[in-house]
Amino acid sequence: MENIEIGRLLGEVADLLEIQEANPFRVRAYRNAVRTVRAHPTPLRKLVSQNADLSALPSIGKGIAANIKELVESGELDLLHELAAEVPPGLIEVKRVPGIGPKKARRLWQELGIESVEDLKEAAEQGEVSQLPGFGPKTEQVILRGIRNLPVRLTLGEADALLEPLLEHLVADISIKKLAVAGSYRRRKETVGDIDILALAGDAHAASEALVTFPGVASVVGAGPTKTSIKLRSGVQVDFRVVPSDSWGAALVYFTGSKEHNVILRKRALARQLKLSEYGVFRAGEEPTEADEELSQADEEPARTGDKLAGTGEEPAREGAAIAAATEEEVYEALDLAWIPPELRAGREEFSPAEAGALPRLVEQPDLRGDLHMHSTWSDGRSSIKEMVRACAGRGYEYMAITDHSKALAMVQGLDAEKLRLQWGEIAEIQAAFPEIRILRGMEVDILKDGTLDLEDEMLEELDVVIVSVHSFFGLDQAEQTRRVLKALSHPRAMILGHPTGRIINRRPPIQIDIDEILQACASFGVAVEVNSHPHRLDLKDTHLARARELGVPVVVSTDAHRTGELDLVRYGIEQARRAWLGPEHVLNTRRLDDFLPALRSAD
């Protein structure tokens with residue numbers, strides 16, 4: 001059992017305890033343990049096999065350590081079964097619907113008999129939920145909208161955590177010569193449904209056997225000569241395909257592109273009297289077949305069904321050698337296109353520049369010279385300022401900013417003016433010990449309900465970096481929420497708009513805001529927008545970032561790290577920026593310090 005699965009089950013314990021109104025300190029202990037488990041760099045299963053003392057880990061007491069050992073060794077947790085016997089387990093999913101916390105989930109259960117999301121949907125559609133005190137019609141609509149958007153997909157971080165041990169297991173098998181993960185995962189889309197893995201193998205049967213013997217397999221969905229599908233314990237389906245070595249490039253192209261991208265590729269092939277499949281690019285007859293004509297008019301990507309030619313239900317024509325198949329580059333070249341980076345294969349605007357050989361140079365992680373959003377133990381961070389500085393210096397950064405919370409977030413010990421000045425004193429001392437990196441004095445300043453900033457102007461004047469963010473009153477209507485943020489952006493010391501839509505993927509929807517109006521205001525005021533790199537946020541989303549690029553709004557890629565290990569999350573922000581066609585010139589923190597500082601609030 002991997003850390004992500006252990007964390008999920010401990011989180012369910014916390015959810016059930018909270019619904020039962022158990023001791024809040026016990027609930028908090030499990031919540032803290034979940035954070036430790038998810039952030040730990042070593043798989044806990046390895047620590048268990050080494051008989052390590054898990055209670056030595058932060059926030060892991062002896063009882064929770066025993067829970068983890070039980071999960072690793074048996075895949076089950078008696079405590080979870082005991083709690084589920086007292087509370088309908090379906091209430092865990094009910095609690096995850098936006099607008100419903102543990103107290104509301106309990107009331108819905110006790111007063112309306114709701115035990116599942118299906119029950120909740122039916123009650124909300126019949127107007128029963130709005131009749132309960134404290135709910136109302138607006139909450140009922142939020143609930144219905146939330147049910148429609150309940151998570152069925154993994155975040156990229158979750159997908160990475162599940163894939164790492166699986167790929168290690170497969171690579172260790174001698175029959176497998178090469179592996180690649182395709183699909184939306186390879187395009188680095190914000191969330192992933194199922195997972196496509198391609199393999200070259202000397203023995204396809206042995207390779208499939210290696211897959212089904214992976215310890216994390218819950219069930220085998222189907223198995224054939226070249227394709228095997230499994231379900232992991234997390235519920236995620238993995239489709240594993242062994243492809244011919246001479247078709248490797250064509251298979252990568254076929255199983256990576258979005259449906260829109262692939263349809264356009266197939267149409268380009270037909271227009272050139274060619275046929276494109278997962279096996280390669282083949283010459284077609286003088287006239288397209290009836291099946292090809294139908295495919296060229298399709299508005300969706302044909303279903304991928306094993307080794308069948310998608311859309312026709314027939315085996316692809318393989319008589320004669322493919323004119324392109326071995327590499328992705330030659331497949332695209334056969335269609336008069338330059339190779340297109342996977343992040344751009346969305347079927348939007350990639351084809352014209354690829355045809356002209358004018359695809360841009362996209363931003364890369366080594367381009368970054370600093371991280372501008374992180375927290376320390378001065379607020380809700382888990383690492384000290386010195387630890388964060390040492391980690392940033394170790395990454396070769398030229399500069400960094402410590403941006404703890406302002407005082408409005410009292411529950412995370414946000415800083416007032418007095419504490420902020422004390423922090424500056426510590427920063428000065430640490431700066432003397434780390435001359436190789438510039439430590440910028442910053443703060444993540446709350447945007448209050450009326451749009452004012454949660455820090456006195458005289459203090460804002462002394463900060464190098466001012467991030468303004470929404471952390472409260474998420475339920476305001478669009479007009480009021482937009483006015484609130486616009487007012488904050490108009491403050492002359494607002495420099496960066498942090499996680500602009502406030503979303504947490506699969507947990508909290510974005511705030512209701514006119515994002516285009518906000519981006520235009522950022523362009524006018526010279527305020528940068530953040531790509532928050534945490535895989536649960538990835539805020540702004542790629543389409544919003546593309547609009548920012550069009551408007552000339554500067555972008556900052558930062559981590560919002562709360563511990564040193566989270567500084568590595570920057571790769572997700574870079575991938576998000578690449579999906580929006582951002583190059584180094586669009587990202588402020590690719591600049592040297594002397595160029596970066598004047599660019600903040602550049603409209604002034």
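Two strands count as paired if DSSP finds at least two bridges between them. Keep that in mind for the close-ups below, which all come from a predicted model.

**View 1. Five strands line up in an open sheet.** The order across this sheet is β2-β4-β7-β6-β5, and the pairing is mixed. Which strands stand at the edges? They are β2 (176-181) and β5 (217-223); each has a single partner strand, so one side of each is left without a neighbour in the sheet. Step from one strand to the next and you'll find a twist that averages 25°. As background, strands of a sheet pair through backbone hydrogen bonds, either parallel or antiparallel.

**View 2. Here is the pairing of β2 with β4.** Strand β4 covers residues 195-201, and 5 bridges link β4 to β2 in the antiparallel sense. Want a pair to look for? Find Leu-179, which stands opposite Ala-199 in β4.

**View 3. Helix α13 lies across part of the sheet.** This helix takes in residues 248-256, and the strands it lies across are β2, β4 and β7 (237-242). Compared with β4, α13 runs at about 175°.

**View 4. Strands β8 and β9 make a hairpin.** Just 2 residues sit between the two strands. β8 (residues 274-277) and β9 (residues 280-283) run antiparallel, joined by 4 bridges. Take Ser-277: its bridge partner in β9 is Gly-280.

**View 5. Helices α1 and α4 cross each other.** The axes of α1 (residues 3-19) and α4 (residues 62-74) come within 11 Å, and the crossing angle is roughly 125°. That makes the two helices oblique to each other, and their crossing is right-handed. Who meets whom at this contact? From α1 come Ile-6, Leu-9 and Leu-10, while α4 brings Ile-64, Asn-67, Ile-68, Leu-71 and Val-72. Sort the residues of this contact by type and you get 7 nonpolar, 1 polar and no charged.

**View 6. A salt bridge forms between Asp-542 and Arg-348.** Side chains of opposite charge can pair when their charged atoms come close. In this pair, the closest N and O atoms are 3.1 Å apart. Where does each partner sit? Asp-542 lies in helix α23 (residues 542-551), and Arg-348 is in the loop between α16 (328-334) and α17 (351-356), so the salt bridge ties together parts that are 194 residues apart in sequence. The count for the model comes to 34 salt bridges.

Note on methods: Residues numbered from 1 in each chain as written. Predicted model: local features only at pLDDT ≥ 70, side-chain atom pairs only at ≥ 80, totals over all residues. Heavy atoms only, no water. Axes fitted to C-alpha atoms, helices over the stretch in contact; angles between N-to-C directions. Parallel < 35°, antiparallel > 145°, perpendicular 65-115°, else oblique. Left-handed = near helix turned anticlockwise from the far one by under 90°. Contact = heavy atoms within 4.5 Å. Nonpolar A, V, L, I, M, F, W, Y, C, P; charged D, E, K, R; others polar. Salt bridge = Lys/Arg side-chain N within 4 Å of Asp/Glu carboxyl O.
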